[in-house]
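Thanks for coming, everyone. I'll keep this short. Please have the structure open while I talk.

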Number of protein chains: 2
Amino acid sequence: MQKYYQKIKNSPIFYGMADFELDRMLECFKASIKNYEAGDTIIRRGDIITKIYVILEGEVNIEKDSYWGRRIIIQKLHENNNIALSLVASKNTESNINAICTKDATILILNYEKCSAMCQNACMHHGAFIRNMFKILSKENVELVEKIENISQKSIRDKLLTYLSNESEKNKSNMFEIQFNRQELADYLNIDRSAMSFELSKLKREGLINYKKNKFILRVEV
Amino acid sequence: MQKYYQKIKNSPIFYGMADFELDRMLECFKASIKNYEAGDTIIRRGDIITKIYVILEGEVNIEKDSYWGRRIIIQKLHENNNIALSLVASKNTESNINAICTKDATILILNYEKCSAMCQNACMHHGAFIRNMFKILSKENVELVEKIENISQKSIRDKLLTYLSNESEKNKSNMFEIQFNRQELADYLNIDRSAMSFELSKLKREGLINYKKNKFILRVEV
DNA sequence: TCCTTTTTGTTGTAAAAACAACAGAAATGT
DNA sequence: ACATTTCTGTTGTTTTTACAACAAAAAGGA
């Protein structure tokens, strides 16, 4: 735990807390660390979620499997992101998603249920904590709406341009590196990988974009 | 305001508060009521959002326009739902969506910014309020993931079956009424209306579903 | 380095969707 | 009740996509 103390301290979920407050919170939450390897399933659809998961390092995909067996990537999470935070506060805490580790990860686990019951009003830091959670959830919400925008475009071309434009805006530059490999990007945008590759090449030929592997340059305003 | 007192009191955002607490909060938030007619734009993309909007009655669509001019319906909101709650807590409070009134609506408006600055730690009810907001946002988050699941299916048929199956589950019955008309449903699922109508008829002919207008019966487990 | 595996790109074909144009049904207003 | 408007369903055609099979490039290991 000590090894990760600095990372934990810098996590947005503990934003604005002094060391002594953080210590108190970690104790209150019965905090623990768990390591996962790439390929591991962290949360499986149907699991009951009562704990808060904070990614300290590594990479995690939030996925769904369609009834017909296709993989849907909802989002890709990294350091400081929370996994399935929205489920902790829900009435139905049964997970509706799978969380798959895609790069070796270290996860901080907080026993929210226990703490929340124990110090609903007692723990004076709980207020700041829940404010932080609210902010994090807000951000995730905005990201989900952005994803909906991306995949709601009518053609592969429009999906790619919208996605790349949003990434460019987030990076505040027309040169940026994307987080997905081609298959993952296709699963994120719900399109066929080979058709997507074809369209990417076409956009490159037309001079609208340029790319090499995951580094992209967007040459147009979309 | 008095006219809507009971409705306000029953709103999840004030859950668990006694009358005197509610009164104090409403004052603290400089609460006001605003009426909208069907067709009105409540929030326009780019607006700075600093207030909390609670729907007391009526219906509101959350929409985006794609760069190429197509309408995308993100979700349909009703009584007790909040509009753009996630933006209030974000760093960038510029709205990324349009909120369009689809049935004459009454909206409760709370000045969150003012209150939040004023009684960050002072107002003792603020804690309960933010906990409620967290819950609401959690629920919305789960709904957005559900929408992503719906529109991520690969064919019109699968989108319809997934959507209807989710609706059936929410209503805990295989007979249910949907909230969208055909054009809205098409815009929600990002498909062509006429192609959707065709597929619905086909599903009916095959006996998988039955429907009349917005009342549906799902005859299969998806 | 060379071999193997993984990732990405290309092409042709079959399937699915969008689109347009229209017909029928239902809702609305007078 | 009738006319008008809105909503829903149908059909044929064009466009787009998925899929399969393979080629090329990159990454990883011995």
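I'll go through the two DNA strands in turn, then the helices beside them, then the domains of chain A.

One caution before the details: this is a predicted model. Every distance you hear is computed from it.

Start with DNA strand C. Which residues come nearest? There are 19 residues around this strand, and the nearest are A:Arg182, A:Ser194, A:Ser201, B:Ser155 and B:Ile156. So both chains appear in that list. Now look at the strand's side of the contact. Of the atoms of DNA strand C within 4 Å of the protein, sugar and phosphate account for 63%.

Three polar contacts are worth pulling up. Take A:Arg182. An N or O atom in its side chain is 2.9 Å from a phosphate oxygen of DNA strand C. Next, A:Arg193. Here the partner is a base nitrogen of DNA strand C, 3.0 Å from an N or O atom in the arginine side chain. Then B:Asp192. This one uses the backbone: an N or O atom there lies 3.1 Å from a phosphate oxygen of DNA strand C.

Which elements give two or more residues to this surface? They are α7 (182-189) and α8 (193-205) of chain A, together with α8 (193-205) of chain B. The largest share comes from α8(A), with five residues. By class, the surface near DNA strand C has five nonpolar, eight polar and six charged residues.

On to DNA strand D. 20 residues surround it. The closest are A:Ser155, A:Ile156, B:Arg182, B:Ser197 and B:Ser201. Of the strand's atoms within 4 Å of the protein, 66% belong to sugar or phosphate, and the rest belong to bases.

Again, three contacts, each to a phosphate oxygen of DNA strand D. A polar backbone atom of A:Ile156 is at 2.6 Å. A polar side-chain atom of B:Ser197 is at 2.9 Å. For B:Ser201, an N or O atom of the side chain is at 2.3 Å.

The elements giving two or more residues here are α8 of chain A, with α7 (182-189) and α8 of chain B. α8(B) gives the most, with five residues. The class count near DNA strand D is five nonpolar, eight polar and seven charged.

Now the helices themselves. Two packed helices are described by the angle between their axes and the distance between the axes. In chain A, the axes of α7(A) and α8(A) come within 9 Å and cross at roughly 105°. That makes α7(A) roughly perpendicular to α8(A). Who meets whom? From α7(A) we have A:Arg182, A:Gln183, A:Leu185 and A:Ala186, and from α8(A) we have A:Arg193, A:Met196 and A:Leu200. Those residues divide into four nonpolar, one polar and two charged. Note that A:Arg182 and A:Arg193 belong to this helix contact. A:Arg182 also reaches a phosphate oxygen of DNA strand C, and A:Arg193 a base nitrogen of that strand.

Chain B next. The axes of α7(B) and α8(B) come within 9 Å and cross at roughly 105°. These two helices are therefore roughly perpendicular to each other. B:Arg182, B:Gln183, B:Leu185 and B:Ala186 of α7(B) make the contact with B:Arg193, B:Met196 and B:Leu200 of α8(B). By class, that is four nonpolar, one polar and two charged.

Last, the domains. Chain A is divided into domain 1 (2-141) and domain 2 (153-218). Their C-alpha centres lie 29 Å apart. Nine residues of domain 1 are in contact with seven residues of domain 2.

That's the tour.

Technical notes: Residues numbered from 1 in each chain as written. Chains lettered and ligands numbered in written order. Predicted model: local features only at pLDDT ≥ 70, side-chain atom pairs only at ≥ 80, totals over all residues. Heavy atoms only, no water. Near = heavy atom within 4 Å. Polar contact = N/O pair within 3.5 Å; in protein donor to acceptor, adjacent residues only side chain to side chain. Helix = DSSP H or I, 4+ residues; strand = E, 2+ residues; numbered from the N terminus. Nonpolar A, V, L, I, M, F, W, Y, C, P; charged D, E, K, R; others polar. Axes fitted to C-alpha atoms, helices over the stretch in contact; angles between N-to-C directions. Parallel < 35°, antiparallel > 145°, perpendicular 65-115°, else oblique. Contact = heavy atoms within 4.5 Å. Domains from an automatic or database assignment.
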